[in-house]
Amino acid sequence: MADLTEAQIDAAMARGKLALETEPRAAAARYDPALDRMVVDLTNGCTFAFPPRIAQGLERATAQQLADVEILGLGYGLHWEALDVDLSLPGLLTGLFGTKSHMARLAGQTTSPAKAAAARANGAKGGRPRKMAHA
């Protein structure tokens, strides 16, 4: 590993201090059962909320389990001990509610008028053709 110079260390410390002052982090987190939303109050005064059913690991959690949320570290993560789930706050804020495969499953569940019309048209034709076994 390369040795760091004092200038590099000072620059890294300055970047870290700037990040703490400017990047949104969690100040408080709670589950709102009336809205069925996880609500995160950010250090910049904003509030972020999301439905737990779209977050990987929270899909089938009970209201009591969801309410038992903790803030990790300096506010960059959320943790549910009983569920063994950790979510990154920067990831949540950018719309990442789980791994790549989890997000792909969510996208496949999306319904739209075009998708519904295509499914109806395919059904009217007899549905998806059966795969033929090769001998």
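Reader: Does D36 count as buried, partly exposed or exposed, and what is its relative accessibility?
Author: Happy to start there, bearing in mind that this is a predicted model. D36 is found in the loop between strand 1 and strand 2. Buried would need under 20% and exposed over 50%. D36 falls in between and therefore counts as partly exposed, its relative accessibility being 31%.

Reader: What is the phi of D36 near?
Author: D36 is a residue other than glycine, yet its phi is positive. This residue belongs to the loop that links strand 1 with strand 2. Its phi is near 50°.

Reader: In which sense do strand 1 and strand 2 pair, and over how many bridges?
Author: Strand 2 covers residues 37–42, and strand 1 covers 26–32. Their pairing is antiparallel, and the number of bridges is six.

Reader: In what order do the three strands of that open sheet stand, and which are the edge strands?
Author: The sheet is open and antiparallel, with its strands in the order 1-2-3. Strand 1 and strand 3 (47–50) each pair on one side only. From one strand to the next, the twist averages 20°. The edge strands, then, are strand 1 and strand 3.

Reader: Which residue of strand 2 does Y31 stand opposite?
Author: Y31 has its place in strand 1. With a relative accessibility of 14%, Y31 counts as buried, because the cut-off is under 20%. Across from Y31 in strand 2 stands M38.

Reader: And which residue in strand 3 does M38 stand opposite?
Author: Strand 2 and strand 3 run antiparallel, joined by four bridges. In that pairing, the residue of strand 3 opposite M38 is F50.

Reader: Which side chains of strand 3 are buried?
Author: In a regular strand, side chains alternate between the two faces of the sheet. Strand 3 shows this alternation: T47 and A49 point to one face and are not buried. Pointing to the other face, and buried, are F48 and F50.

Reader: Which residue in the turn of the hairpin of strand 2 and strand 3 has a positive phi?
Author: Four residues lie between the two strands of this hairpin. One residue in the turn has a positive phi of about 95°, and that residue is G45.

Reader: How many salt bridges does a search of the whole structure find, and which side chains meet?
Author: The search of the whole structure finds one. Its partners lie in strand 1 and strand 2, so it ties together parts that are eleven residues apart in sequence. Both partners are partly exposed, R30 with a relative accessible area of 39% and D41 with 23%. At 2.9 Å, N to O, the side chains that meet are those of R30 and D41.

Reader: Which strands stand at the edges of the sheet with the order 4-5-6?
Author: This is another open sheet of three strands with antiparallel pairing. Each edge strand has a single partner, so one side of it is left without a neighbour in the sheet. The twist averages 30° from one strand to the next. The edge strands are strand 4 (70–72) and strand 6 (85–88).

Reader: Which residue in strand 6 does W80 stand opposite?
Author: Strand 5 (residues 77–80) and strand 6 run antiparallel, with four bridges joining them. W80 faces a residue of strand 6, namely V85.

Reader: What is the phi of D84, although it is not a glycine?
Author: D84 lies in the loop between strand 5 and strand 6. D84 is exposed, because its relative accessible area of 65% is over 50%. Its phi is positive, at about 55°.

Reader: Which residues make the nonpolar surface patch of about 320 Å²?
Author: One member, I9, lies in helix 1 (residues 6–22). I9 is partly exposed, with a relative accessible area of 33%. An α-helix has 3.6 residues a turn, so residues three or four places apart point the same way. The patch is made by L4, I9 and M13.

Reader: How far does helix 5 reach from its first C-alpha to its last?
Author: Helix 5 has twelve residues (113–124), for which 16 Å is expected at 1.5 Å a residue. Just after this helix, G126 takes a positive phi of about 105°. The reach of helix 5 is close to the expected value, at 16 Å.

How values were computed
Residues are numbered from 1 along each chain as its sequence is written. This is a predicted model: local features need pLDDT of at least 70, side-chain atom pairs count only at pLDDT 80 or more; totals for chains, interfaces and linings use all residues. Side-chain values use heavy atoms; hydrogens and water are left out. Patches are made of residues with over 30% relative accessible area and no salt bridge: like charges are joined within 9 Å, nonpolar side chains (Val, Leu, Ile, Met, Phe, Trp, Tyr) within 5 Å. Accessible areas come from the Shrake-Rupley method with a 1.4 Å probe; for residues, only the protein chains shown count as cover. A salt bridge is a side-chain nitrogen of Lys or Arg within 4 Å of a carboxyl oxygen of Asp or Glu. Buried means under 20% relative accessible area, exposed over 50%, partly exposed in between (1.4 Å probe, protein chains only). Two strands pair if DSSP finds at least two bridges between them. Axes are lines fitted to C-alpha atoms, for helices over the stretch in contact, and angles run from 0 to 180 degrees between N-to-C directions. The expected span of a helix is 1.5 Å times one less than its number of residues.
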